[in-house]
Amino acid sequence: MGGPRPGIDSPYAWRLAIVSAFCIALGGGAIYLPVVALKEIAADFGDRRAVPSLAYLLGFFAMGVGGVAMGWLADRTSPRVPLLIAGVSIFVGGWLTTSGDVVALYLGYAIPLGFLGNAATFTPAMNNIQGWFERRRSTAVSIISVGPAISGFFWPQIFRWLLPDVGWRQTLVIYGVTAGTLLFLCAFYVRPAPNKLKKARTAEDHVALPLPSPALMALLSGASFCCCVAMAVPFVHMVAFCGDLGLSAARGAEALSLILLIAVASTFAMGRLADYIGPTRVSLLCAFIQIASLVGFVFVNSLAGIYTLSVIHGIPYIAIVQGYALILRQVYGPTIAGWRLGVVMLFAMAGMAGGGWLGGAIFDATLSYRLAFQAALVFNLLNLMLLGALYIAQRRRPMTSLP
């Protein structure tokens, strides 16, 4: 691209944040089909809800593993390269995933849609955008963070509209062609951050860390896994859960959209709050809010209750994961290695994957979601304990504010 290179906090940086969020929203669409069409996909494979739940698990876990690889690739080339790969992979993956039996479903979600597709959008974009901002980095991070929420808000509605007429297989093909083409075109707008080369030559500074680096990474990775297991159980099974309560699939899809609509607004609010009280305190607040929603899901049996709990569940849905990126930047500073976020996001995606599968497996064993919601609550309490340990460590060793 010709012309002078744009700089830090430039108008291009803000446009890039919006384009990157759009790309994340495109790449994440496929993962919501097993949520909206859980019963339809299960009906194709012996009426086993564990089948679409496992496809969801593989898609999210592969996204996490791929995020580390794509973050590494973007650091050594350009964030444009993973997006080009994602565009081609999703274009082809929509057809491959629906072209055969359950093996094709699993492989399609794991490789072209997950490892090579969705994985190439979030981690490279999050790493890249933080290098484009100094003054309003938390706002830029919030824009990137709402990409999955935007994806989850719009794609389930599109899928719900398509499913009755074309079925889940053709719906996934339509998604692949649309999202893959748009991702490929958007990739040409993306540039690496101006400080990329300088950062590559600068070693990380571990002097001010509140814990030894391996312990800190293990703690954040464990917290991200536990919080996302808890987050995924009601989210992935919302449509099916509403059906079991005698409500229509449309009401379940509306509840999903409500979670994600609230998540978009909450992410910006929590990002600004993190500027004042710190990202660790915000993540702790989100963990307490999630406890409230999970306790409610154990007992809810009405549409009004579902909508109310969806609002509560949406507040931490994206904000708590955004908090991990901000915590990493706070404790490691601007010289942080790009792979660190990829590792923490790997555990977050593994948690989303495991939670989605766990809900289906528990339902198949008990024919009820009550025990699944109780298990999710246990995982969230573990998340709260880990974040609490980090907060105590930071209080014992206060850190200076990092850019």
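Q: What share of the contacts in the protein with a separation of 6 or more comes from residues 24 or more positions apart?
A: In this predicted model, such residues account for 84% of those contacts. A contact here means heavy atoms within 4.5 Å.

Q: What makes the protein as compact as a globular protein of its length?
A: Start with the make-up: there are 18 helices and zero strands. The radius of gyration is 20 Å, and the globule rule gives 22 Å for 403 residues; those values are close, so the protein is as compact as a globular protein of that length. Along the principal axes, its C-alpha atoms fill a box of roughly 55 × 50 × 30 Å.

Q: How many of the 403 residues count as buried, as a percentage, and what supplies the exposed area?
A: Buried residues make up 59% of the 403. The protein exposes about 15300 Å², with carbon and sulfur atoms supplying 71% of that.

Q: Why is Ser20 called buried?
A: Its relative accessibility is 7%, and buried means under 20%, so Ser20 counts as buried. You'll find Ser20 in helix H1, which covers residues 11-27. Setting aside neighbours within four places in sequence, Ser20 is in contact with Ala125 and Ile144.

Q: What makes the pair of Trp14 and Phe133 edge-to-face?
A: The structure holds 16 aromatic pairs. For Trp14 and Phe133, the centres are 4.5 Å apart and the planes make 70 degrees. Rings pair if their centres lie within 6.5 Å, and planes over 60 degrees apart count as edge-to-face, so this pair is edge-to-face. The pair links distant parts of the chain, 119 residues apart: Trp14 is in helix H1, while Phe133 is in the loop between helix H7 (122-130) and helix H8 (137-145).

Q: Why is Trp14 called partly exposed, and is Phe133 buried or exposed?
A: Partly exposed lies between the 20% and 50% cut-offs, and Trp14 has 27% relative accessibility, so it counts as partly exposed. Phe133 has a relative accessible area of 0%, so it is buried.

Q: How do you know that Phe241 and Phe373 form an edge-to-face pair?
A: Their rings are 5.1 Å centre to centre, with 85 degrees between the planes. Since the limits are within 6.5 Å for a pair and over 60 degrees for edge-to-face, the name follows. This pair also links distant parts of the chain: Phe241 sits in helix H12 (residues 238-244) and Phe373 in helix H18 (residues 370-396), 132 residues apart.

Q: Why are Phe241 and Phe373 called buried?
A: Phe241 has a relative accessible area of 8% and Phe373 a relative accessibility of 1%. Buried means under 20%, so the word applies to Phe241 and to Phe373. Ring pairs also link these two with Phe297, Phe363 and Tyr369 into a cluster.

Q: How do you know that the span of helix H13 agrees with its number of residues?
A: H13 (residues 249-277) has 29 residues, which at 1.5 Å a residue should span 42 Å; its end C-alpha atoms are 40 Å apart, so the values agree. There is still a kink of about 25 degrees, centred on Ser266. Just after H13, Gly278 takes a positive phi of about 95 degrees.

Q: What makes H11 mostly covered?
A: Of its 24 residues, 19 are buried. Helix H11 (residues 213-236) reaches 33 Å from its first C-alpha to its last, close to the expected 34 Å.

Terms used. Residues are numbered from 1 along each chain as its sequence is written. This is a predicted model: local features need pLDDT of at least 70, side-chain atom pairs count only at pLDDT 80 or more; totals for chains, interfaces and linings use all residues. Side-chain values use heavy atoms; hydrogens and water are left out. Helices (H or I, at least four residues) and strands (E, at least two) are DSSP runs, numbered from the N terminus. Buried means under 20% relative accessible area, exposed over 50%, partly exposed in between (1.4 Å probe, protein chains only). The expected span of a helix is 1.5 Å times one less than its number of residues. The bend at a residue is the angle between axes fitted to the seven residues ending there and the seven starting there. The radius of gyration is taken over C-alpha atoms; the globule rule is 2.2 Å times the number of residues to the power 0.38. Accessible areas come from the Shrake-Rupley method with a 1.4 Å probe; for residues, only the protein chains shown count as cover. Rings of Phe, Tyr and Trp (its six-membered ring) pair if their centres lie within 6.5 Å; planes under 30 degrees apart count as stacked, over 60 as edge-to-face and the rest as tilted.
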